Amino acid sequence: MSILRIHVLGSPVLRQVTKEVAPVTDEHRQLIDDMFETMYAAHGIGLAAPQIGRTERIAVVDVDEQAYAIVNPVIVENDADPVKGEEGCLSIPDVYGDVARPERVKIRALDRDGNPFEIDAEGLLARCLQHEIDHLDGRMFIDHLSVLRRKAALAKLDDAALTRTWKLSKGGAQMYSAPRNYVLRVWCLNHLVHHRAQVCVYLRLLNVPVPAVYFNSADEPAWIFD
Ligand SMILES: [Zn+2]
């Protein structure tokens, strides 16, 4: 087994909709084992394939010693009344926010051996399963927050953690100007966020003096990640 690199906010794979797995092969079983090891090493309770750069519809969870590998999971029933609960994500270090989700869900999935099974979950397990299934559809928990709450949450991003894990492609980053200084608009995850720390991380990675501003002549700002 091996510990895989966890992709963080900004990596495009986190926004991809995953592909169904059929059939479940030894390669998938290896991936599942590696995902469990990676999740435990990172002290997480759930991990979805996009978080380690893969596009298979696979996630793993372990809540209160209930560990499941779920392949091609679908939510077949959910409680009508959402309840709020705090969530975090290994792909968004040190950021937390309250997300409203159904308290109970029933999930149908394939297990590690490719056999269909169901999970009747409530509480934290139900929340975790929904969070991971969101990942498989290219969604992250911050998408459930209001714009203001999302901005407030992202302002807490630990840019040191991001510096460690983000990697620029050869194309580098293109930046978008703002009226003043280096408060830039960052096009990130299909959401326009204003976040100075993210910009500073990129400028540092590019060895550009922080106050510098790059003008992008294209109409659309584009950040190119790993
Ligand atoms: Zn997550």
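Helices here are DSSP runs of H or I that hold at least four residues, and they are numbered from the N terminus. That numbering gives α1, and just after α1, His-43 takes a positive phi of about 60 degrees. The model is predicted. The chain has five helices and nine strands. An open sheet of five strands, paired antiparallel, is described below together with two helices that lie across its strands.

**The chain overall**
- Along the sequence, the elements follow the pattern α-β-β-β-β-β-β-β-α-α-α-β-β-α.
- The chain has 226 residues, and buried residues make up 37% of them.
- Take the contacts between residues at least 6 apart in sequence: 69% of these join residues at least 24 apart.

**The sheet**
- In what order do the five strands of the open sheet lie? The order is β1-β2-β3-β6-β7, with antiparallel pairing.
- The edge strands are β1 (46-48) and β7 (116-122), and each of these pairs on one side only.
- From one strand to the next, the twist averages 40 degrees.

**Strand pairs**
- Three bridges link β1 and β2, which pair in the antiparallel sense.
- Within this pair, Leu-47 stands opposite Val-60 in β2.
- Six bridges join β2 (residues 58-63) to β3 (residues 66-78), and these two strands also run antiparallel.
- Val-60 stands opposite Ala-69 in β3, so Val-60 faces a partner in β3 as well as Leu-47.
- Val-61 has Tyr-68 as its bridge partner in β3.
- β2 and β3 form a hairpin, with two residues between the strands.
- Asp-64 sits in that turn and has a positive phi of about 50 degrees.

**Helix α1**
- Helix α1 (residues 26-41) lies across β1, β2 and β3.
- α1 runs at about 40 degrees to β2.
- α1 has 16 residues and reaches 22 Å from its first C-alpha to its last, close to the 22 Å expected at 1.5 Å a residue.
- Which residues of α1 are buried? They are His-28, Leu-31, Ile-32, Met-35, Thr-38 and Met-39.
- These buried residues cover an arc of only 130 degrees around the axis, which puts them on the same side of α1.
- A general rule fits here: an α-helix has 3.6 residues a turn, so residues three or four places apart point the same way.
- The buried residues of α1 pack against β1, β2 and β3.
- On the other side of α1, Asp-26, Gln-30 and Ala-41 are exposed.

**Helix α2**
- Helix α2 (residues 123-136) lies across β1, β2, β3, β6 (104-110) and β7.
- α2 runs at about 160 degrees to β2.
- At 1.5 Å a residue, the 14 residues of α2 should span 20 Å, and the end C-alpha atoms are 20 Å apart, which agrees.
- Why is α2 described as largely enclosed by the rest of the structure? Because 12 of its 14 residues are buried.
- The buried residues of α2 include Leu-125, Cys-128, Leu-129, Ile-133 and Leu-136.
- Arg-127, Glu-132 and Asp-134 are also among the buried residues of α2.
- Just after α2, Gly-138 takes a positive phi of about 80 degrees.

**Confidence**
- The pLDDT averages 74 over the chain, and 68% of the residues score at least 70.
- Over residues 160-196 the pLDDT is below 50.
- Beyond near neighbours in sequence, the stretch 160-196 has 79 contacts in the model.
- The pLDDT is also below 50 over residues 206-226, a stretch with 43 contacts in the model beyond near neighbours in sequence.

Technical notes: Residues are numbered from 1 along each chain as its sequence is written. This is a predicted model: local features need pLDDT of at least 70, side-chain atom pairs count only at pLDDT 80 or more; totals for chains, interfaces and linings use all residues. Axes are lines fitted to C-alpha atoms, for helices over the stretch in contact, and angles run from 0 to 180 degrees between N-to-C directions. Two residues are in contact if their C-beta atoms, placed from the backbone, lie within 7 Å. The expected span of a helix is 1.5 Å times one less than its number of residues. A residue is buried if 20 or more other C-beta atoms lie within 10 Å of its own, exposed if 12 or fewer, and partly exposed in between; C-beta atoms are placed from the backbone. pLDDT is the predictor's confidence in each residue, from 0 to 100. The arc is that of the directions from the helix axis to the C-beta atoms.
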